[in-house]
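This report concerns helix packing. Please consult the sequence and the model shown below.

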Amino acid sequence: MRDDLTESELPAAPAPPPALPHPELTARTVLDALQEGVVVVDAAGVVARVNEAVSRLCRADARGLVGHPITQLPVAMVRDPAGEPLRLEEAPLTRALRGEVVRGHLSEIERLDGTRAWIEVNSNPLVGPETAVPYGAVSTYVDVTERVERERRFRHEADHDPLTGVANRRRLVRTLDAAVARARRHEHGVAALAVDLDGFKAVNDRHGHAAGDEVLREVARRLVGAVRERDLVSRPGGDEFVLLLVDLGGPAGMAERLRDRVERVLQEPIQVGEDRIALEAAVGLACFPADAADAAGLLRAADAAMYARKRAA
């Protein structure tokens, strides 16, 4: 091998890498290239930096946010998963300014154009090397609307009767257990109404299963309208419905009045096509803790009361 290569035969030295632009320009370019929204605030909660993804997420120009409090984010409303307005002290950036690391915080934003989106927020305090007191905070925002809506659809399908849309047995049991536990803590009452539709089999036999399905859907609609918004209407199966009346702390006799209202709304014939279908309904009422010591016992007591009313009719 030759060891006397001439200068023209030596391999060319690699070209030096291109110099990075000014650090401020580099940081802005990197932030704007991210798919996640990024907001940086100072210790007073004033926005120091915001990237283009925040504008895309809000569907409004967020660049004017710089120099202003984060409360001026261009959205109409920010809500927690329960649908309540998110309080400033509970916002991830506010918590990060107190030194807390926030991961996976879920919020719903209502945009200025009326559309809504679910966002997942991660927030970190910005702390210098010489002090533990944050000099600012940074949050990232990711649109997770598709994921949240998919999960909600799955939960709804798992907890609801596909024919009528009311709760199924799974949700009934879970809600009843929680209601009884809450009633024990706060000394409230819980009532169960067991509803049985007399003559429903004859509807299927005489008018067909499509008519029977429509009757069940109409019964469910009437039951939902007869009770309070916080109560639960469920269809455990067949022509059986169970209603839970929760947090009964009001005037005595409320459960009886709700039972009477349920019976009245079911007395009106149901129009299916050209047919008016009349049903007889027996409604049994049982109350916790007067009639049962636990959730399972309450359902048994409501069933027993329903059969007693059928025999007495």
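**Buried residues of α9**

The buried residues of α9 (under 20% relative accessible area, 1.4 Å probe, protein chains only) are Ala 295, Gly 297, Leu 298, Ala 301, Ala 302 and Met 306. Their cover includes α5 (169-186), β7 (189-198) and β12 (280-288), where contact means heavy atoms within 4.5 Å. Helices (H or I, at least four residues) and strands (E, at least two) are DSSP runs, numbered from the N terminus.

The model is predicted: local features need pLDDT of at least 70, side-chain atom pairs count only at pLDDT 80 or more, and totals for chains, interfaces and linings use all residues. Residues are numbered from 1 along each chain as its sequence is written, and side-chain values use heavy atoms, with hydrogens and water left out.

**Length and start of α9**

Helix α9 comprises 18 residues (295-312), which at 1.5 Å a residue should span 26 Å; this agrees with its end C-alpha atoms, 26 Å apart. The expected span is 1.5 Å times one less than the number of residues.

At the start of α9, a side-chain oxygen of Asp 294 lies within 2.7 Å of the backbone nitrogen of Gly 297.

**Packing of α5 on α9**

The axes of α5 and α9, lines fitted to C-alpha atoms over the stretch in contact, come within 9 Å and cross at roughly 110°. That makes α5 roughly perpendicular to α9 (65 to 115 degrees). Leu 176, Asp 177 and Val 180 of α5 meet Ala 295, Leu 298 and Leu 299 of α9.

**Packing of α7 on α8**

Helices α7 (residues 209-226) and α8 (residues 254-267) pack at about 145°, with axes 9 Å apart. On α7 the contact involves Val 219, Arg 222, Leu 223 and Ala 226; on α8, Leu 258, Arg 261, Val 262, Val 265 and Leu 266.

Technical notes: Buried < 20%, exposed > 50% of the residue type's maximum accessible area, 1.4 Å probe, protein only. Polar contact = N/O pair within 3.5 Å; in protein donor to acceptor, adjacent residues only side chain to side chain. Axes fitted to C-alpha atoms, helices over the stretch in contact; angles between N-to-C directions. Parallel < 35°, antiparallel > 145°, perpendicular 65-115°, else oblique.
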